[in-house]
Amino acid sequence: MSVVPPLLRVERVRKHFALTKGILFTRTLGHIKAVDDVSFDIRAGETLGLVGESGCGKTTTSRMILNLEEPTEGRILLEGEPIHALQGEALHAYRVKVQAVFQDPWSSLNPRMKVGRTIAESLIVNAWGDRAKIAERVRELLLQVGLRPEQAQQYPHEFSGGQRQRVALAAALASRPKLIVLDEPVSALDVSIRAQMMNLLKDIQAQDDVAYLLVAHDLATVRHMADHTVVMYLGKIVEQAPTAALFEDVRHPYTRALFSAVLVARPNPQEEEIELKGEVPSPLDPPSGCRFHTRCPYVMPRCSQHEPALREVSPGHSVACYLFE
């Protein structure tokens with residue numbers, strides 16, 4: 001039986017930002033290693049959750065997938081084509097296939113533009129059809145995200161936060177994308193609205209077979225939505241697995257610390273909680289060896305000397321830790 005290739009493939013991607021000083025005579029002081037050797041796949045119709053503390057590199061990774069940043073090393077491929085080599089019509093086609101919904105819908109909606117026009121904008125740019133066809137597509141999209149067609153004539157300030165996020169989702173869905181990057185899509189919403197939005201996203205995924213990259217720090221959201229989960233720390237992947245397997249059998253000490261820090265149903269109530277001490281090291285000068293060793297309660301001498309490889313410890317479940325060699 002042939003294996004279906006992934007929709008999106010991230011291959012050993014690094015993103016280092018130069019830290020410079022001076023205006024006329026600029027000199028480089030070092031490089032911020034925001035993302036360092038990250039690889040994962042996203043298949044059509046599936047959701048991959050990307051989680052970790054602030055500064056772990058998940059937002060930079062998503063920006064590279066959106067083609068807003070170019071990797072220092074490595075490749076990102078959509079349907080087998082490297083995205084950062086695209087130009088002209090090919091780049092335009094990529095923008096149609098990959099869309100984004102951000103944490104704050106207010107920042108992505110023009111306050112002076114009616115929401116119907118906002119949703120229709122990408123259809124107009126892509127010459128979707130005549131005015132009547134575009135109006136019908138806007139009507140379909142509003143109904144799909146749980147809004148009324150007549151609300152196309154309203155402005156963003158006339159909507160609640162949850163409704164504005166629905167408008168942003170409708171605008172992202174307009175061009176029938178194959179992948180949508182969801183950057184903290186429900187964290188700014190009231191708790192009572194979050195479940196509605198997550199269920200809406202899952203319903204749309206089932207209808208349109210769209211893939212999601214879910215960038216989040218909320219493990220409850222990831223557990224509800226993601227098929228696979230990647231955990232990042234200081235630019236590195238420390239653990240990745242099918243979401244159900246990860247929540248049943250947390251391996252890496254950092255992942256266990258994340259579970260300890262939030263109110264989620266823990267798979268093993270007897271498991272020792274981990275409280276992280278100290279600050280996250282600077283990505284300008286990350287620790288040698290395992291980057292987590294400065295905060296890890298199980299640190300061993302070799303952890304500071306050699307970086308552990310990401311190894312498979314069970315089918316589909318990989319961990320970068322010497323505890324599981």
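Let's start with Asp 37 and Arg 12. These two residues form a salt bridge, and the closest N and O atoms are 2.8 Å apart. The pair links distant parts of the chain. Asp 37 sits in strand S2, Arg 12 sits in strand S1, and 25 residues separate them. One thing to keep in mind as we go: this is a predicted model.

How exposed are the two partners? Asp 37 has a relative accessible area of 21%, so the residue counts as partly exposed. The cut-off for buried is under 20%. Arg 12 has a relative accessible area of 53%, so this one counts as exposed. Here the cut-off is over 50%.

Next pair. The side chains of Glu 73 and Arg 14 also meet in a salt bridge, at 3.6 Å from N to O. Where do these two lie? Glu 73 is in strand S4, residues 73-78, and Arg 14 is in strand S1. The two are 59 residues apart in sequence, so their salt bridge ties together separate parts of the chain. Glu 73 is partly exposed, because its relative accessible area is 44%.

Now put those pairs together. Salt bridges that share partners join Arg 12, Arg 14, Asp 36, Asp 37, Glu 73 and Arg 291 into one network. Why can such side chains pair at all? Side chains of opposite charge can do so when their charged atoms come close.

Another salt bridge to look at is the one between Arg 148 and Glu 150. Their closest N and O atoms are 3.0 Å apart. Arg 148 is partly exposed, because its relative accessibility is 45%. And how many salt bridges are there in the whole structure? A search finds 18.

Stay with strand S1 for a moment. The strand covers residues 8-21, and Leu 19 lies in it. Leu 19 joins Leu 29 and Leu 284 in a nonpolar surface patch of about 220 Å². Leu 19 has 30% relative accessibility, so the residue counts as partly exposed.

On to the pockets. The largest one holds about 590 Å³ of space. Its lining has 24 residues. Which of them lie nearest the centre? Those are Gln 99, Ala 100, Ser 122, Ala 171 and Ala 172.

Four elements each supply at least two residues of this lining. They are helix H2 (88-97), strand S6 (98-101), helix H4 (115-125) and helix H6 (161-173). H4 gives the most, with five residues. As for the chemistry, the lining of the largest pocket has 14 nonpolar residues, eight polar and two charged.

Then the second largest pocket. Its space is about 300 Å³. The lining here is made by 18 residues. Nearest the centre of this pocket are Lys 236, Ile 237, Glu 307, Pro 308 and Ala 320. Two strands give two or more residues to the lining: S2 (27-42) and S10 (236-242). We met S2 earlier, as the strand that holds Asp 37. Which element gives the most here? That is S10, with four residues. The lining of the second largest pocket divides into 10 nonpolar residues, three polar and five charged.

To recap. Six residues, Arg 12 and Asp 37 among them, are joined by shared salt bridges into one network. Leu 19 in strand S1 is part of a nonpolar surface patch. H4 gives the most to the lining of the largest pocket, and S10 gives the most to that of the second largest.

Note on methods. Residues numbered from 1 in each chain as written. Predicted model: local features only at pLDDT ≥ 70, side-chain atom pairs only at ≥ 80, totals over all residues. Heavy atoms only, no water. 1 Å grid on protein atoms, 1.4 Å probe; cavity = no way out; pocket = protein on both sides within 12 Å on 5 of 7 lines; lining within 4 Å. Points joined across faces, edges and corners; volume = space filled by probe spheres on them. Nonpolar A, V, L, I, M, F, W, Y, C, P; charged D, E, K, R; others polar. Patch = residues over 30% accessible without salt bridge, like charges linked within 9 Å, V, L, I, M, F, W, Y side chains within 5 Å. Areas by Shrake-Rupley, 256 points an atom, 1.4 Å probe, with all protein chains shown as cover. Salt bridge = Lys/Arg side-chain N within 4 Å of Asp/Glu carboxyl O. Buried < 20%, exposed > 50% of the residue type's maximum accessible area, 1.4 Å probe, protein only.
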